[in-house]
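Student: Could you pick a single part of this model as a starting point and take a close look at it with me? I would then like to follow the contacts outward from there.

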Amino acid sequence: MKTQAFKRINYYEGQVLTAADFRDEQDYHNGKRRLLNRCLHGSGVVCGLDVSILDRSVRIEPGLALDCCGREIYVGQSQTRQLDLAEGAEYLLIQYYEYESDGVPHTAGAGDANLVHTRITEGFQLSWGYDNPMIEHAYRDDRWSSCGRDHAIPLARLCTAGNRRTLEHPFRPQK
């Protein structure tokens, strides 16, 4: 949980705004939305994100999940990824990931050309895990409670029957 009060910019005529002011504005709105996501909805899959497995590739259908920080993990189109399945790994995990994108040249001084990124792209990462990172969270109404910490959430659990591996999806934790 956020431990300090939310502060928003108090605009006035003639105010000079800097990049830091615009970042503060974004942080304010993102912080409020993420707090509401955590408190009202918890974490886990909101819709979609059906999973299928073929050999070492995993296919995830479009959908939306919320992580424990209240961030939206959006998969806009079907994704097929090659994933190395570590021996003993049991959970397919998805985690919020962001990165700087849309680089443009920027002259910082006397002839120094640098690349600056004009956007932050919000995405996700997939991985296999040995443990369910949500094991200590309360589970109710197809959602986990949110702890406010940054970690992955499980999409599916790998099941082994004889020599055959399948995915349990939608994943339901043991009660």
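Tutor: Happy to. One cut-off comes first: a residue is called buried when its relative accessible area is under 20%, exposed when that value is over 50%, and partly exposed in between. Please also keep in mind that this is a predicted model.

Let's start with leucine 49, in the loop that runs between strand S1 (44-48) and S2. Its relative accessibility is 0%, so leucine 49 counts as buried. The backbone deserves your attention too: leucine 49 has a phi near 60 degrees, a positive value in a residue that is not glycine. As background, most residues other than glycine have a negative phi. A second case sits in strand S7, where you will find aspartate 102. Aspartate 102 is likewise not a glycine, and its phi is positive at about 55 degrees. What sets the setting of aspartate 102 apart from the buried class is its relative accessible area of 47%, which makes it partly exposed.

From the loop we can step into the sheet. S2 belongs to an open sheet of three strands, ordered S2-S3-S6 and paired antiparallel. Strand S2 (51-54) and S6 are the edge strands, each pairing on one side only. On average, neighbouring strands here are turned by 20 degrees against each other, with direction ignored. Between S3 and S6, which run antiparallel, there are four bridges. If you want a residue to anchor your view of S6, take glutamine 79, the bridge partner of isoleucine 60.

Next comes the nonpolar core. The largest one has 23 residues, and those touching the most other members are Val51, Ile94 and Trp128. Strands that give two or more residues to this core include S3 (57-60), S5 (72-75), S7 (91-107) and S8 (113-129). S11 (153-161) is also among them, and S11 gives the most, with four residues.

Two of those strands, S5 and S11, lead us to the charged pairs. Side chains of opposite charge can pair when their charged atoms come close. In this model the count comes to six salt bridges. One of them joins glutamate 72 and arginine 33, with an N to O distance of 2.7 Å. Glutamate 72 is in strand S5 and arginine 33 in helix H1 (residues 19-41), and this pair links distant parts of the chain, 39 residues apart. Glutamate 72 has 22% relative accessibility and therefore counts as partly exposed; arginine 33, at 31%, is partly exposed as well.

On the S11 side, glutamate 90 forms a salt bridge with arginine 157, and their closest N and O atoms are 2.8 Å apart. Because glutamate 90 lies in the loop between strand S6 (79-82) and S7 while arginine 157 lies in strand S11, the pair ties together parts that are 67 residues apart in sequence. Here the two partners fall on opposite sides of the cut-off: arginine 157 is buried, with a relative accessible area of 19%, whereas glutamate 90 is partly exposed at 25%.

Aspartate 67 and arginine 71 make another salt bridge, their closest N and O atoms being 2.8 Å apart. Both aspartate 67 and arginine 71 are buried. These two also belong to a network of salt bridges that links Asp67, Arg71 and Asp150.

To finish, let's go back to helix H1 for its aromatic neighbour. The structure holds three aromatic pairs. In one of them, phenylalanine 6 and tyrosine 28 meet edge-to-face, 6.2 Å from centre to centre and with 85 degrees between the planes. Phenylalanine 6 is in the segment before H1 and tyrosine 28 is in the helix, 22 residues apart, and again the pair links distant parts of the chain. With a relative accessible area of 27%, phenylalanine 6 is partly exposed; tyrosine 28 has 13% relative accessibility and so counts as buried. The ring of phenylalanine 6 has a charged companion too, since lysine 32 lies over its face, 5.1 Å from the ring centre.

Definitions and conventions
Residues are numbered from 1 along each chain as its sequence is written. This is a predicted model: local features need pLDDT of at least 70, side-chain atom pairs count only at pLDDT 80 or more; totals for chains, interfaces and linings use all residues. Side-chain values use heavy atoms; hydrogens and water are left out. A nonpolar core is a set of buried Ala, Val, Leu, Ile, Met, Phe, Trp, Tyr and Cys residues joined through side-chain atoms within 4.5 Å. Buried means under 20% relative accessible area, exposed over 50%, partly exposed in between (1.4 Å probe, protein chains only). A salt bridge is a side-chain nitrogen of Lys or Arg within 4 Å of a carboxyl oxygen of Asp or Glu. Two strands pair if DSSP finds at least two bridges between them. Axes are lines fitted to C-alpha atoms, for helices over the stretch in contact, and angles run from 0 to 180 degrees between N-to-C directions. Rings of Phe, Tyr and Trp (its six-membered ring) pair if their centres lie within 6.5 Å; planes under 30 degrees apart count as stacked, over 60 as edge-to-face and the rest as tilted. A charge sits over a ring if NZ of Lys or CZ of Arg is within 6 Å of the ring centre and within 35 degrees of the ring normal.
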